[in-house]
2 protein chains.
Amino acid sequence: MSLQPVLLAGQWRAAQSTGSFRAANPATGETLPGEYPVSAWADADAALTAAGGSAAILRALPDDERAERVARFLNRFAERLEARSAEIVDLAHLETALPKKPRLADVELPRTTNQLRQAAAAALEGSWALPTIDPKINLRSILAPIGPVVVFGPNNFPFAYSGAAGGDFASAIAAGNPVIAKAHPLHPGTTRLLAEEAFAAVGEAGLPAALVQLLYHLEPESGLRLVSDPRVGAVGFTGSRAAGLRLKAAADAAGRPIYLELSSINPVVFLPGALAERGAKLAEEFAGSCLLGGGQFCTNPGLVILLAGDAAEHFIAAVKQRFDAATPPPLLSSGGQRSLGESVHALQSAGASLVTGGAPLPPPGCRYANTLLRVTGAQFLAAPDKLQTEAFGSTALLVVVRDGKEAAAVLAHLEGNLTGSLYSDTAGADEPLYRELAALLRPRVGRLLNDKMPTGVAVSPAMNHGGPYPATGHPGFTAVGMPATLRRFAMLQCYDSVRPDRLPVALRDANPNGRMWRLIDGQWSQGPCSGK
Amino acid sequence: MSLQPVLLAGQWRAAQSTGSFRAANPATGETLPGEYPVSAWADADAALTAAGGSAAILRALPDDERAERVARFLNRFAERLEARSAEIVDLAHLETALPKKPRLADVELPRTTNQLRQAAAAALEGSWALPTIDPKINLRSILAPIGPVVVFGPNNFPFAYSGAAGGDFASAIAAGNPVIAKAHPLHPGTTRLLAEEAFAAVGEAGLPAALVQLLYHLEPESGLRLVSDPRVGAVGFTGSRAAGLRLKAAADAAGRPIYLELSSINPVVFLPGALAERGAKLAEEFAGSCLLGGGQFCTNPGLVILLAGDAAEHFIAAVKQRFDAATPPPLLSSGGQRSLGESVHALQSAGASLVTGGAPLPPPGCRYANTLLRVTGAQFLAAPDKLQTEAFGSTALLVVVRDGKEAAAVLAHLEGNLTGSLYSDTAGADEPLYRELAALLRPRVGRLLNDKMPTGVAVSPAMNHGGPYPATGHPGFTAVGMPATLRRFAMLQCYDSVRPDRLPVALRDANPNGRMWRLIDGQWSQGPCSGK
């Protein structure tokens, strides 16, 4: 049977393939229609050449015109996704087993179109690029497109982090770059639909046809070669630590910036006062967050720290009850089911004992029991690395520490994480311990939460969906939150004594749209640059 | 004889050394007084532990208090350098052979104290950290100290890029981090004096004693281990490509951010109209820039592109005359003299012919003849990599191209550079070719200049002293220009629903100093955050 075409150099065309694959419905195990190519290097090579051509066209556009066109593209793409949402949601549901409602139709797709529109607004407004003018010496600088961006989407968000429609995609395009999307092989059909709409919007926006390209799958060595190619401007990757670090090594060696969003176990500390005050409510809150979406979120709370005592035991019993009562949804794949089992066993081998769960469930679907494990603080401190193994599912490890001092020791051993949460009482009894533990947790996480679970990631300029290595590759960047996300896909370009009519519009004396914030002589301003 | 002590963990103490070295006067070849240790790993290990302790103390300070203290430190340090300037300049002159006046006393030292004061002002004012508040959902984020920063200073700037006083040092401290300075072994005594004044200022500012530490030298394997240690927050390096890329590989593999400022040949294009209009003046301007400081600048113009013809030949003859007439100053070291000779030979082996120079000069001093080489465009295109070898001295390769098309082909083969200059005529005849070539040059350089030589690097917020790989490791960052330079040494920290009195002062509703720019609900503001 014929393979699905790839989107290369402005057309849907037959792949040069080294093999093929099909998606399966994780809820039933059934193989789904459509056979997709594993692209040979020739496809990646063609994509890079075409993307390089598109990047040159984009760079040659006046910056205001480029911003207008990419904004038009992003807005049109969002409208097109909405118009085709039923079909897209149906196929994503088949390929991922994620619920159509509310998850896919009411949460993730609106989030995705919202991101596209926020990216469009950021591009149009222009302040994201931090235009900076020193009028006295006629020195001006601005962040400008970095060149073709390769975006690898993850398995768990078929839309919002998709290489062909998600946050990295939107940010890279808004910054003025072409994107080579690498689909996640678990949902190739969904990615195809997204890319079809993106491609149609490209034409409507007057942008180069190779602005968006799509490859479904690559041999690992081709992936490494792709991210280290000199034609690449930057890379965005969301996925597993193992795959991400392999790509990072290749990109780093070639001097290509790569932005990774990898695994995270998102520690949650329940201080004693909070447990005493509202333990039952916290058990409900925690279980709800940990069970959400089968636990397949990068912000899933996978490590819980509690001070030993009755309140902790009540909490654990209440969580166990909720874990046992909830029916696990199908996981995204049989591979995910298998690796979740391996992670749970790794935690057990390192000393964790099962509170509940710990085994795969029978078909239909790739399911795994909601799983709670526990260790003492001393056990954790004896094997802190292994006991930070990410178990990608509705799974959490409870670390029951002797006292605040042991809690501090546990926190001091934590790797970099995306988030860290601290729950404390309202009366203030927890405050001294809060201060001590927050000081330890703060530098180890990108987002610190109070009395709140980490699973919601608001799309806000103030969000940080990032964190210290190995949660990401660089603690200064976020994968969510315009306009900061755009700056990852940009290079700093300085103009020294460049003649006025040769400057980017954003760096000329007049403020081009009267809204753009520019740093003029050290002060942020929406006005013109007057002095010389 | 006894070795000079290192500055470790708040005291000048005997190194654990694997060897020792002495500096030499490059003007005379004489060995200078003072024997300096090559530190064993134990010294680096102790420095890392002490720096980690200092980083924790700094993080624990309220952010406004931390900013005040680091600003006090930076200002006091600048004052102390000025008070001891005669001694410092004298020793730097002995160790580098750079002229006392104007270079060391009137240019580089004032530049260095200016950088320290700009860093202090940036720390106090606070906007560098891009505080961002989303009042509707109580989500707030800010750039915060990344942790201990290791700074490797280069051979060519004993003050302004020094690990113990230069731009990376000032930026890392202003961002709230301790610094482990690695001296350049060509000027250990100068670095010692700088570190003595820094250490004295630490005490005056009420900062942890290990805020500044100094190691003179390390075995290469210890250097690699140092930059990849998990206790390190980030690394700043200015120096050779070979050494920098080795450190980058080690830091990257460990997930430690490293900022490099490496080699650059800084292409200069003289368009035909400019040469016809003012060829003699351009020859003077170019020769002045290329001969400045013995050509030992990272922004030295090392590659010149000219369109073949009489004007080009007149220009070359005029430059040759100036090169021949100027007496070369001593280079920084015999090693530098040797490697300059190797680079010139590498260019010759790749097809370049000598216009003038091309040989070392006899003692006293490590000198090398001012050297001009030339190739045709076709020759360049036959060996573009080898013909981009950096020759660190008063040396330039002239590429005489047939026409604009060949000039474009040459530019399309350029590696990433710090700067690129285009000279064009005033009447506008060069404009079409300018447009074509600027489009090619722009994405390959960090700073694009018009009708200007690249050797002046103004310390301005609008400066970009950076560029695409391999000029640096990441094209989004600059090594000069507050406040952007501070952001390299920071991690993004988000506060999600954190209680008001637990927030950094900069993220509370009130604007702490009434001057700090904060992004509140998408708008830059110096006011309080009112809405909730």
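Pro483(A) sits in the loop between β20 (445–450) and α15 (484–487) of chain A. The peptide bond leading into Pro483(A) from Met482(A) is cis, with omega near 5°. Keep in mind as you browse that this is a predicted model.

**Unusual backbone spots**

Most residues other than glycine have a negative phi, and most peptide bonds are trans. A few places here are worth a look against that background. A second cis bond joins Lys101(B) to Pro102(B), with omega near 0°, and Pro102(B) belongs to helix α4 (residues 100–125) of chain B.

Two residues that are not glycine have a positive phi, listed here with their surroundings.

| Residue | Phi | Loop |
|---|---|---|
| Ala97(A) | about 65° | between α3 (85–96) and α4 (100–125) of chain A |
| Ser497(B) | about 60° | between β21 (490–496) and β22 (518–520) of chain B |

Are these residues buried or exposed? Ala97(A) counts as buried because it has 22 C-beta neighbours inside 10 Å, where 20 or more are needed. Ser497(B), with 14 other C-beta atoms within 10 Å, is partly exposed.

**A sheet across both chains**

Now to the strands. An open sheet of 12 strands with mixed pairing runs in the order β14(A)-β17(A)-β18(A)-β13(A)-β12(A)-β19(A)-β20(A)-β21(B)-β6(B)-β5(B)-β22(B)-β23(B). At the edges stand β14 (353–356) of chain A and β23 (523–525) of chain B; each has a single partner strand, so one side of each is left without a neighbour in the sheet. From one strand to the next, the twist averages 25°.

At the chain A edge, β14(A) and strand β17 (residues 371–376) of chain A run antiparallel and are joined by 3 bridges. Within this pairing, Ser353(A) has Arg374(A) in β17(A) as its bridge partner. Helix α10 (residues 310–325) of chain A packs on the sheet, where it touches β12 (267–270), β13 (303–307), β14, β17 and β18 (395–401) of chain A. The direction of α10 makes about 65° with that of β14(A).

**Two copies and their core**

How do the chains relate to each other? Chain B superposes on chain A after a rotation of 180° with 0.0 Å of shift along the axis, giving an RMSD of 0.0 Å. The two copies are therefore related as by a two-fold rotation axis. Both use the same surface, as 100% of the contact residues of chain B recur in chain A.

The largest nonpolar core has 358 residues, and Leu74(A) and Leu74(B) have the most contacts inside it. Leaving aside residues up to four places away in sequence, Leu74(B) touches Leu116(B), Arg117(B), Ala119(B), Ala120(B), Ala170(B), Ile173(B) and Ala174(B).

How values were computed: Residues are numbered from 1 along each chain as its sequence is written. Chains are lettered from A and ligands numbered from 1 in the order in which they are written. This is a predicted model: local features need pLDDT of at least 70, side-chain atom pairs count only at pLDDT 80 or more; totals for chains, interfaces and linings use all residues. Two strands pair if DSSP finds at least two bridges between them. Helices (H or I, at least four residues) and strands (E, at least two) are DSSP runs, numbered from the N terminus. Axes are lines fitted to C-alpha atoms, for helices over the stretch in contact, and angles run from 0 to 180 degrees between N-to-C directions. Two residues are in contact if their C-beta atoms, placed from the backbone, lie within 7 Å. Copies are superposed by least squares on the C-alpha atoms of residues with pLDDT of at least 70 in both. A nonpolar core is a set of buried Ala, Val, Leu, Ile, Met, Phe, Trp, Tyr and Cys residues joined through C-beta atoms within 7 Å. A residue is buried if 20 or more other C-beta atoms lie within 10 Å of its own, exposed if 12 or fewer, and partly exposed in between; C-beta atoms are placed from the backbone.
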